[in-house]
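Visitor: I'm new here, so could you walk me through this one and tell me what lies behind the terms you use?
Guide: Sure, have a look and ask away.

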Protein chains: 2
Amino acid sequence: MNKAEILIIDDEMQIRKLLEITLQSNNYAVADARTAKEGIIMASNHPPDLIILDLGLPDKSGHEVLKELRQWYTNPIIILSVINSEEDIIHALDNGANDYLTKPFRTGELLARIRSALRSSILEDSDPIIRFDDLEFDLSARTLRKNNELIKLTATEYSLLAIFARNEGKVLTHQYLLRAVWGPGYINQSQYLRVFIAQIRKKIENDPNRPEHLITESGVGYRFVLK
Amino acid sequence: MNKAEILIIDDEMQIRKLLEITLQSNNYAVADARTAKEGIIMASNHPPDLIILDLGLPDKSGHEVLKELRQWYTNPIIILSVINSEEDIIHALDNGANDYLTKPFRTGELLARIRSALRSSILEDSDPIIRFDDLEFDLSARTLRKNNELIKLTATEYSLLAIFARNEGKVLTHQYLLRAVWGPGYINQSQYLRVFIAQIRKKIENDPNRPEHLITESGVGYRFVLK
DNA sequence: TTTCTTTTTAACTGAGTTTTAATTTTGTAT
DNA sequence: ATACAAAATTAAAACTCAGTTAAAAAGAAA
C-alpha cells in the first residue's frame, strides 16, 4: 500500500511543524492548511485518507468546517482542540468527527489514534491480486478469473493452484506439492497430482493438450508460468 | 433499526449500574459482565454491537481480553480505564480498541463516543444502500428489497446476509461465518449455516434450487454475488 | 398463560469431490 | 528404432459435504 495521506488544518505554525515532522517520520504523506478555507479547498482537490482538524481556526468555526466536510468527505476526521468542554466534544463527535483530542496532546497517543482511525476506514485492505495475461488471481476473494470470467475451482484445485501462483516460474517437485496440499503421508501418490493437474489444465489452459501455464518437468515436477 | 446492543465488562458495580441506566435511557439494550471470563462468554454467545471494556478486571488483564476478543469480534470496543498512561492507551488502541476513555469519564462524552463508534462501524455505513440487479440492501434500515418488495428477514438471517453484502464476491468460510454470527463457540455447527442459507435462498433467489446470488463453495464456504 | 415466531436438532436424500484403477500417450535413454 | 519409465486420460467407486424437511425447543408477543 502507498503512504496514507493526512491533511492538517491548523493555524498554529508550531503545531503544524510538530505534526508534520512526527507524521512524516512515521511514514505518512502530509499536507497542511492554515485556514478553514484553504483546508476545504485542499481536501476537495485531493481528498486525503485522514484529516486532522483544529477547532480554533481564524476564519471560521471548526464545527462549521467539520459539517461542511462531512457533507461529502467520508474518511476519518480527528479533532484537535484546546477546548476541553464536554459540549464541544459531543458536538464535534455528533457532527461526524471520529475522535477528539485536547491540546496539548501526546504525540504517541495521537499516532495510535490515527492508526486506529485508518484501520477502521476501508482503505487498509489492499488485496493481493496476481494478474498476468489472461489469468487473474485474487487470493483474498479466493477467486480465479480467465478473460474476466469466474472459474469454478474445487477446494483441492484451488490450494494446488494457489501454491503455484505464489511460486510462479519455479519448478515445484512432486514431493513438495503432495506434502503441501495433501500432507506428508501422501508424498508417493503422484497419481493424485496427475489427475488434479489435468483438471486444472482443463479449466485454465486454452488448449489443455498443449499447456502454456502449467508445464510438466518430466521426472521432477511442475512449473507454473504466467507470460 | 432495532436497539443497538452494548455489552459492559466491568467489575465495579457502581460503574456498571451508572452505565446501565445511562445507556438504557438512551435507547440501547444493555448486558453486563463482572469478569473477563464472563464477558468473553457473553460476547461469544451473543455478539453485541459494541463492547465497553474496563481494563482493570479482577481475573485477567484487560489487554489480554481485548486481544482475545479481537481474534474474532469486529464491532467497536471502547476501553474504560483509571490508568491515563500513554503506554496503556497506545497499547490498547494498537490492539484493536476503537477508543480509550479514562475514569472518571463524562457520560455525555461517552455517549457521543459510542454514537461515533457505532456510526463508523460497518453496521451503519455512511453509504448503506447496496443495489444490484433485483436486490436492494439498506444496511442502516436493516431492510432488503427484491424487485422493490420488502422482504422480511429474521435477526439471524439479517446478520448473515449483512456479512455477505459487505463482502460481495469473496468466499467466506464456514468458520468465519459461524464465528461472526453465532460466536466462536459455534464454529463446528455447519448445519446452522445450511439451514439458514436455505432460508435466505428461498427469500432472495429467483429459483432457490439454482442459486445465482448465494453460491456454495464446496468444502470451503459460501460466496455472495450480485451481478 | 397461550399463541406465534424463530432457532436449534435431527434424520434423510442427493450432489459434488476425491480417490482408485485401468488404459493410452508421451518422453527419455539405449 | 525400440524399450522402458513417466505422465496423461478416463471413468467408476467411495466418500464427504451440502440441501431438505420437519419436528422439538426456546423466545417473544399478545
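Visitor: How many residues of chain A are in contact with chain B, and what makes them count?
Guide: Keep in mind that this is a predicted model. A pair counts as in contact if the two C-beta atoms lie within 7 Å. By that rule, 21 residues of chain A are in contact with 21 residues of chain B. On chain A's side, α4 (86–94) and α5 (107–120) each supply at least two residues, and α5(A) gives the most, with seven. That side of chain A divides into seven nonpolar, seven polar and seven charged residues.

Visitor: Which residues are closest to DNA strand C, and what makes a residue near the strand?
Guide: A residue is near the strand if its C-beta atom lies within 6 Å of it. Here 17 residues surround DNA strand C, and the closest are A:Thr154, A:Thr156, B:Thr154, B:Thr156 and B:Ser218. In both chain A and chain B, α6 (155–166) and α8 (190–204) each supply at least two residues of this surface. The surface has six nonpolar, nine polar and two charged residues.

Visitor: Why is B:Ile78 said to be part of a nonpolar core?
Guide: A nonpolar core joins buried residues such as Ile through C-beta atoms within 7 Å, so B:Ile78 belongs to one. The largest core has 36 residues, and B:Ile78 is among those touching the most other members, along with B:Ile6 and B:Leu53, for instance. Leaving out residues up to four places away in sequence, B:Ile78 touches residues including B:Leu50, B:Ile52, B:Leu101 and B:Ala117. A second, separate core has 34 residues, including A:Leu7 and A:Ile89.

Technical notes
Residues are numbered from 1 along each chain as its sequence is written. Chains are lettered from A and ligands numbered from 1 in the order in which they are written. This is a predicted model: local features need pLDDT of at least 70, side-chain atom pairs count only at pLDDT 80 or more; totals for chains, interfaces and linings use all residues. Helices (H or I, at least four residues) and strands (E, at least two) are DSSP runs, numbered from the N terminus. Ala, Val, Leu, Ile, Met, Phe, Trp, Tyr, Cys and Pro count as nonpolar, Asp, Glu, Lys and Arg as charged, and the others, Gly among them, as polar. A residue is buried if 20 or more other C-beta atoms lie within 10 Å of its own, exposed if 12 or fewer, and partly exposed in between; C-beta atoms are placed from the backbone.
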